[in-house]
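The following exercises concern internal cavities, an open sheet and the packing of helices. Each task is followed by a solution in steps.

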Amino acid sequence: MKILVVGTGAREHALVRALSLDPAVTALHAAPGNPGIGTLATLHAVDQLDGAAVAVLATSLGADLVVVGPEAPLVAGVADAVRAEGIPVFGPSAAGAQLEGSKAFAKEVMAAAGVPTAEPRVATTIEEAAAGLDAFGAPYVVKDDGLAAGKGVVVTDDRAEALAHAAACLAKPGGRIVVEDYLDGPEISLFVLSDGADVVPLVPAQDFKRAHDGDEGPNTGGMGAYSPLPWAPVDLVDEVVERVARPTIAEMARRGTPFSGVLYVGLALTSTGVKVVEFNARFGDPETQVVLARLATPLAGVLLASATGTLGTLPPLQWRDDAAVTVVIASGGYPGTVRSGDPITGIEAADALPGVHVLHAGTALQLNPPGDDDDAIDGAHLVAAGGRVLSVVGVGPDLAAARAAAYAGVAQIDLPFSHHRSDIAAAVAGAPLV
């Protein structure tokens with residue numbers, strides 16, 4: 001198989017890495033990719049939001065499968081443009097991607113499908129937003145209806161902060177928000193693959209959304225994750241498949257917009273049962289980094305089955321007994337105004353550690369390396385070029401060992417002014433902060 005992966009982040013690097021280990025894959029390409037992905041795949045300077053350009057590239061490469069990683073290209077219809085050329089695509093249509101592109105639409109689908117979730121109120125004015133806040137009370141939950149790179153949600157006891165977030169979202173062209181009831185209890189991420197009819201769940205993971213230790217600070221795209229979840233109910237996956245995934249996929253098909261790809265189900269284990277926090281229409285980042293590290297079944301055939309309507313013919317997925325933990329290294333200032341251009345060193349040393357691999361997210365190559373070029377790629381120096389810069393993944397026989405490996409990798413990497421959380425998986429691994 002010749003595969004083209006669309007995207008630039010650590011999620012896409014994790015997908016490319018997993019595909020590179022699949023003996024069925026003969027060639028890997030990425031558009032536009034990043035320097036880390038470039039060590040495993042041929043990079044192409046194509047705009048990931050330009051469906052026509054991606055379709056031309058896929059056709060010229062003779063791609064057997066296109067994997068669209070991020071939400072923005074999916075919502076923009078990149079998968080539709082490629083499918084129109086007769087090439088199998090892993091990822092939903094633009095219509096299907098509205099499950100992530102509009103939180104109000106997702107709530108509508110959940111209601112029609114009988115999926116348990118928080119009660120919502122959709123608002124298009126600040127007065128409606130204020131009424132919603134007062135109806136539900138604290139903690140206040142305000143969500144930007146559209147895409148916001150994982151940073152469109154505010155959960156706070158401060159009504160003024162909630163109202164300010166609502167105002168900022170509503171100020172956008174076509175601004176709309178969802179105010180909803182707060183869901184108590186721990187959150188879980190579960191990816192469910194679909195081909196529009198059948199569904200196949202992966203293993204659960206938990207991510208850490210706040211910027212700082214102890215779940216303090218602003219929301220981010222995700223600062224770390226781990227899998228498995230020894231505290232999760234043993235029947236959780238079966239329950240989510242039957243009560244959430246299958247009804248949702250059936251409802252989308254009933255509407256004439258079948259959903260194929262991965263339905264990311266964000267869950268809360270509330271005092272009144274499992275409820276959906278949100279849907280995404282793609283793999284989550286950083287949960288993908290730990291879930292794929294545990295997958296023993298070769299990935300390419302699984303993604304192709306989703307793209308071609310043959311998930312039902314797959315044998316059960318196989319999983320390694322190992323645990324996995326990922327820690328995100330972020331640029332100074334993230335998730336606000338971030339620094340860029342700071343040099344990154346130590347990745348090679350981290351990758352050399354047992355059970356450790358490093359995935360690139362916001363990195364770039366700078367010519368004329370400044371001094372130390374141990375981590376140079378093709379004679380250029382690696383620098384930070386985004387908010388979340390690297391995902392350091394540790395794999396081990398249990399969560400404590402996986403966590404120790406991940407943080408050993410983090411300790412090898414130097415990025416001036418960067419920050420990372422020291423408590424990823426600490427509570428569940430029974431480990432001290434690092």
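**Exercise 1.** State the volume of the second largest cavity and describe the lining of this cavity.

*Solution.* Step 1. The volume of the second largest cavity is about 60 Å³. On a 1 Å grid over the protein atoms alone, a cavity is a set of points where a 1.4 Å probe fits but cannot get out, and lining residues have an atom within 4 Å of a point. A volume is the space filled by probe spheres set on the points, which are joined across faces, edges and corners.

The model is predicted: local features need pLDDT of at least 70, side-chain atom pairs count only at pLDDT 80 or more, and totals for chains, interfaces and linings use all residues. Residues are numbered from 1 along each chain as its sequence is written, and side-chain values use heavy atoms, with hydrogens and water left out.

Step 2. Among the lining residues are Glu 187, Gln 206, Tyr 264 and Val 277. At least two lining residues come from each of β10 (187-195), β12 (206-207), β16 (260-270) and β17; strands are DSSP runs (E, at least two residues) and helices are runs of H or I (at least four), numbered from the N terminus.

Step 3. By class, the lining has 4 nonpolar, 3 polar and 4 charged residues. Ala, Val, Leu, Ile, Met, Phe, Trp, Tyr, Cys and Pro count as nonpolar, Asp, Glu, Lys and Arg as charged, and the others, Gly among them, as polar.

**Exercise 2.** In what order do the 5 strands of the open sheet stand, and why is one side of β3 and of β5 left without a neighbour?

*Solution.* Step 1. The order is β3-β2-β1-β4-β5, with parallel pairing (two strands pair if DSSP finds at least two bridges between them).

Step 2. β3 (42-43) and β5 (89-90) are at the edges and have a single partner strand each, so one side of each lacks a neighbour in the sheet.

Step 3. Strand β4 (residues 65-68) is joined to β5 by 2 bridges; Val 67 has Phe 90 of β5 as its bridge partner.

**Exercise 3.** Describe how α1 and α11 cross and which residues make the contact.

*Solution.* Step 1. The two axes, of α1 and α11, come within 8 Å and cross at roughly 115 degrees. Axes are lines fitted to C-alpha atoms, for helices over the stretch in contact, and angles run from 0 to 180 degrees between N-to-C directions.

Step 2. α1 is therefore roughly perpendicular to α11 (65 to 115 degrees).

Step 3. Leu 15, Ala 18 and Leu 19 of α1 meet Leu 299, Ala 300 and Leu 303 of α11 in this contact (heavy atoms within 4.5 Å). The contact has 6 nonpolar, no polar and no charged residues.

Technical notes:
1 Å grid on protein atoms, 1.4 Å probe; cavity = no way out; pocket = protein on both sides within 12 Å on 5 of 7 lines; lining within 4 Å. Parallel < 35°, antiparallel > 145°, perpendicular 65-115°, else oblique.
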